[in-house]
Amino acid sequence: YEMHNDTITSSTQFTYAYNLIRSKNRKCLLLAVNLLEELFQKTADDSCKRDYTYYISIAHLKMKNFESALKYAQAILLIEPQNRQAKYLVEKIQDIQQRDSLVGAAIVTGTAAAVVGGLSVLAYN
């Protein structure tokens, strides 16, 4: 019905963005971020702004944009320092970020060890 009238309510736009965030597709996640940022700009309702900010953070987390995800989650805590959901999200982002850093370091270390091992085998022969 809304599509036929060329008017989409904020509620419908939010629902669409929310469902896009459930995707693993980067284009869908980027579209969700754009829709939520648009909603954020349109509203004066602080609770809506908080919800939009939260889901923008989630979308960035799913895209592994850790700095952006953290920035949005921490923005909620600036306004609502006791927000448990935002606190948990900040912790989760930091945990995933740290884990990805450790995995990256392990890959680099493993690659370096393989190269050194390969060179020593060549030198020995």
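## Close-up views of a five-helix chain

**View 1. The largest cavity has a lining of mixed character, with 3 nonpolar, 2 polar and 2 charged residues.** Welcome to the first stop in this predicted model. The residues around the largest cavity are R50, D51, Y54, I76, N83, Q85 and A86. Two elements, α3 (46–62) and α5 (84–124), each give two or more residues to that lining. Helix α3 has the largest share, with 3 residues. If you plan to look for other enclosed spaces, note that the structure holds 1 cavity of 30 Å³ or more. The space inside the largest cavity comes to about 30 Å³.

**View 2. The largest pocket holds about 180 Å³ of space.** Which residues line the largest pocket? They are F40, D46, K49, R50, T53, A75, I76, I79 and E80. Sorted by class, the lining of this pocket has 4 nonpolar, 1 polar and 4 charged residues. Helices α3 and α4 each contribute at least two of the lining residues, and α3 gives the largest share, 4 residues. Readers coming from View 1 will recognise two names: R50 and I76 line the largest cavity, and R50 and I76 also line the largest pocket.

**View 3. The whole chain provides the setting for the close-ups, with 5 helices and 0 strands.** Read from the N terminus, the order of elements is α-α-α-α-α. The protein chain has 125 residues, and 29% of them count as buried. How much of the accessible surface belongs to carbon and sulfur atoms? The answer is 58% of a total of about 8700 Å². For those who like contact statistics, take the contacts in the chain with a separation of 6 or more: 44% of them are between residues 24 or more positions apart.

**View 4. T15 sits in helix α1 (residues 10–21).** Is T15 buried, partly exposed or exposed? Its relative accessibility is 40%, so T15 counts as partly exposed, a class that runs between 20% and 50%. Within the view, the side chain of T15 reaches back to the backbone oxygen of S11, at a distance of 2.9 Å. A handy distance to check in your viewer is the one from T15 to A32: the C-alpha atoms are 9.9 Å apart in space, while the two residues are 17 apart in sequence.

**View 5. S23 lies in the loop between α1 and α2 (26–42).** The side chain of S23 reaches the backbone nitrogen of N25 at 2.9 Å. What does S23 touch once its neighbours within four places in sequence are left aside? The contacts of S23 are then with C28, L29 and K62.

**View 6. K64 is a residue with a positive phi, about 65 degrees, although K64 is not a glycine.** Where is K64 found? The residue is in the loop between α3 and α4 (66–79). K64 counts as exposed because its relative accessibility is 52% and the exposed class starts over 50%. If you run backbone torsion checks, K64 is a good residue to recognise, with its phi of about 65 degrees.

**View 7. V90 is a buried residue in helix α5, with a relative accessible area of 9%.** Why does V90 count as buried? Its value of 9% falls under 20%, and therefore V90 belongs to the buried class. Neighbours within four places in sequence aside, V90 is in contact with L70, A73, Q74 and L77. Another residue to display here is K71, whose C-alpha is 9.0 Å from that of V90 in space, with their positions 19 residues apart in sequence numbering.

**View 8. Q97, also found in helix α5, makes a side-chain polar contact with E67.** The two side chains are joined at 2.9 Å. Not counting residues up to four places away in sequence, Q97 touches F66, E67 and L70. One name links this view to the previous one: L70 is touched by Q97, and L70 is also in contact with V90.

Notes
Residues are numbered from 1 along each chain as its sequence is written. This is a predicted model: local features need pLDDT of at least 70, side-chain atom pairs count only at pLDDT 80 or more; totals for chains, interfaces and linings use all residues. Side-chain values use heavy atoms; hydrogens and water are left out. Buried means under 20% relative accessible area, exposed over 50%, partly exposed in between (1.4 Å probe, protein chains only). A polar contact is a pair of N or O atoms within 3.5 Å; within protein, one must be able to donate a hydrogen and the other to accept it, and residues adjacent in sequence count only if both atoms are side-chain atoms. On a 1 Å grid over the protein atoms alone, a cavity is a set of points where a 1.4 Å probe fits but cannot get out, and a pocket is an open set with protein on both sides within 12 Å along at least five of seven lines; lining residues have an atom within 4 Å of a point. Grid points are joined across faces, edges and corners, and a volume is the space filled by probe spheres set on the points. Ala, Val, Leu, Ile, Met, Phe, Trp, Tyr, Cys and Pro count as nonpolar, Asp, Glu, Lys and Arg as charged, and the others, Gly among them, as polar. Contact means heavy atoms within 4.5 Å. Accessible areas come from the Shrake-Rupley method with a 1.4 Å probe; for residues, only the protein chains shown count as cover.
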